[in-house]
Amino acid sequence: MTYNNILSESNNGLTTITINRPSKLNALNSETIKELHEAFKNADKDKTTKVIIITGSGEKAFVAGADISEFADYSVVEGERLASEGQALLFDFVANLSTPVIAAVNGFALGGGLELAMAAHFRIASDTAKMGLPEVSLGVIPGYGGTQRLPQLVGKGRAMEMIMTAGMIDAQKALNWGLVNHVTTQEELIPFVEKIASKIMRNSSVAIAAAITSINSGYEAGENGFNTEVSEFGNCFGTADFKEGTTAFLEKRRANFPGK
Ligand code: COA
């Protein structure tokens, strides 16, 4: 499939999706959101893809936000639809994907860009990255999950401060606050993310999917994460991956997971 705004490349179990509008600092317009939905859906369906990396093209930006030129004259109804459709197509979709998604934050991650990075399962940043939710400086609030995911990751007080000041934090502060897991140089970013991805790939993709469901369940209103864990734990006992993982351990060899 060919895309106008993104690149998607698969190799050795890894699919790298790159947002490719560098002249607009990779801002997310509606076409880009639809293309990202397709690319994530296809990578998740493709059984050879074990890990997905999401990053931005160029050295300046991961994503500098939702495309402001697209929604500047929206009405109340259109604004609400923008948020709900975006969350369904991309942000919640990514957060609940069975395949692990790592955000490689290679520069500005602002507004919808930080929200996309936060929807990924975890984040690794270059030391040049800058992160923030500047929406209130435009008279609006984060609408792609930012008011929910930022406090989950950095705590309520820090999220309140970041959102109210509309300010940016650098990669080191993001690391200290738990918003990103690691910081590397710009050159080392993708090789470092790929190294972590290769560790993930050695493990059971079925068990990883069950872990994602269980972890996310604890953050869903009305769900009991402990109950979800019990049920997902039980389901693992019926999988070929569990049989292979335990047999390999007892036979003192490395597991070769069938992924079922
Ligand atoms: N939506 C639409 N276009 C955007 C954009 C966005 N969120 N962010 C950047 N761009 C465009 C700029 O309009 C500019 O386009 P132009 O060359 O056609 O005028 C181009 O990307 C380069 O951006 P520019 O502002 O010239 O770069 P800079 O280095 O001076 O500043 C930022 C970088 C990130 C500080 C600045 O672009 C910015 O504040 N962007 C908006 C961030 C934001 O508020 N995001 C939340 C949206 S809800």
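**Exercise 1. The contact of H4 with H5**

Determine how the axes of H4 and helix H5 (residues 146-154) cross, and which residues make the contact.

*Solution.* Step one is the geometry: the axes of H4 and H5 come within 10 Å and cross at roughly 55°, where axes are lines fitted to C-alpha atoms, for helices over the stretch in contact, and angles run from 0 to 180 degrees between N-to-C directions. That angle makes H4 oblique to H5, because angles under 35 degrees count as roughly parallel, over 145 as roughly antiparallel, 65 to 115 as roughly perpendicular and the rest as oblique. The model is predicted, so that local features need pLDDT of at least 70 and side-chain atom pairs count only at pLDDT 80 or more, while totals for chains, interfaces and linings use all residues. Residues are numbered from 1 along each chain as its sequence is written, and side-chain values use heavy atoms, with hydrogens and water left out.

Step two is the handedness: H4 passes H5 in a left-handed crossing, a crossing being left-handed if the near helix is turned anticlockwise from the far one by less than a right angle, and right-handed if clockwise.

Step three is the contact, meaning heavy atoms within 4.5 Å: H4 contributes Glu-115, Met-118 and Ala-119, and H5 contributes Gly-146, Arg-149, Leu-150 and Leu-153. These residues divide into four nonpolar, one polar and two charged, with Ala, Val, Leu, Ile, Met, Phe, Trp, Tyr, Cys and Pro counted as nonpolar, Asp, Glu, Lys and Arg as charged, and the others, Gly among them, as polar.

**Exercise 2. H3 and its helix neighbours**

Describe how H3 packs against H4 and against helix H1 (residues 30-45).

*Solution.* Two packed helices are described by the angle between their axes and the distance between the axes. For H3 and H4 the angle is about 35° and the axes are 8 Å apart. On the H3 side the contact is made by Leu-90, Phe-91, Val-94 and Ala-95, and on the H4 side by Gly-112, Glu-115, Leu-116 and Ala-119; by class, there are six nonpolar residues, one polar and one charged.

For H1 and H3 the angle is about 35° and the axes are 9 Å apart, and the crossing is left-handed. Here Ile-33, Lys-34, Leu-36, His-37, Phe-40 and Lys-41 of H1 meet Leu-89, Leu-90, Phe-93 and Val-94 of H3, a set that splits into seven nonpolar, one polar and two charged residues.

**Exercise 3. An aromatic pair**

Classify the arrangement of the rings of Phe-91 and Tyr-144, and locate the two residues.

*Solution.* A search of the whole structure finds three aromatic pairs. In the pair of Phe-91 and Tyr-144 the ring centres are 4.3 Å apart and the planes lie at 15°, so the pair is stacked; rings of Phe, Tyr and Trp (its six-membered ring) pair if their centres lie within 6.5 Å, and planes under 30 degrees apart count as stacked, over 60 as edge-to-face and the rest as tilted. Phe-91 belongs to helix H3 (residues 76-95) and Tyr-144 to the loop between S8 and H5, so the pair ties together parts that are 53 residues apart in sequence.

**Exercise 4. The four-stranded sheet**

Establish the order of the strands in the sheet of four strands, and find how H4 is placed against S6.

*Solution.* The sheet is open, with the order S4-S6-S8-S9 and mixed pairing; helices (H or I, at least four residues) and strands (E, at least two) are DSSP runs, numbered from the N terminus, and two strands pair if DSSP finds at least two bridges between them. Strand S4 (61-63) and strand S9 (168-170) are the edge strands, each pairing on one side only. S4 and strand S6 (residues 108-110) run parallel and are joined by two bridges, with Ala-61 opposite Phe-108 in S6. Helix H4 (residues 112-119) lies across S4, S6 and strand S8 (130-132), and runs at about 95° to S6.

**Exercise 5. The six-stranded sheet**

Work out the strand order of the sheet of six strands, and the sense in which S1 and strand S2 (residues 14-19) pair.

*Solution.* This open sheet has the order S1-S2-S3-S5-S7-S10 with mixed pairing, and its edge strands are strand S1 (6-11) and strand S10 (182-184). S1 and S2 pair in the antiparallel sense over six bridges, Ile-6 having Ile-19 in S2 as its bridge partner. The two strands form a hairpin with two residues between them, and Asn-12 in the turn has a positive phi of about 45°. By contrast, strand S5 (residues 101-105) and strand S7 (residues 122-126) pair in the parallel sense over four bridges, with Ala-103 opposite Arg-123 in S7.
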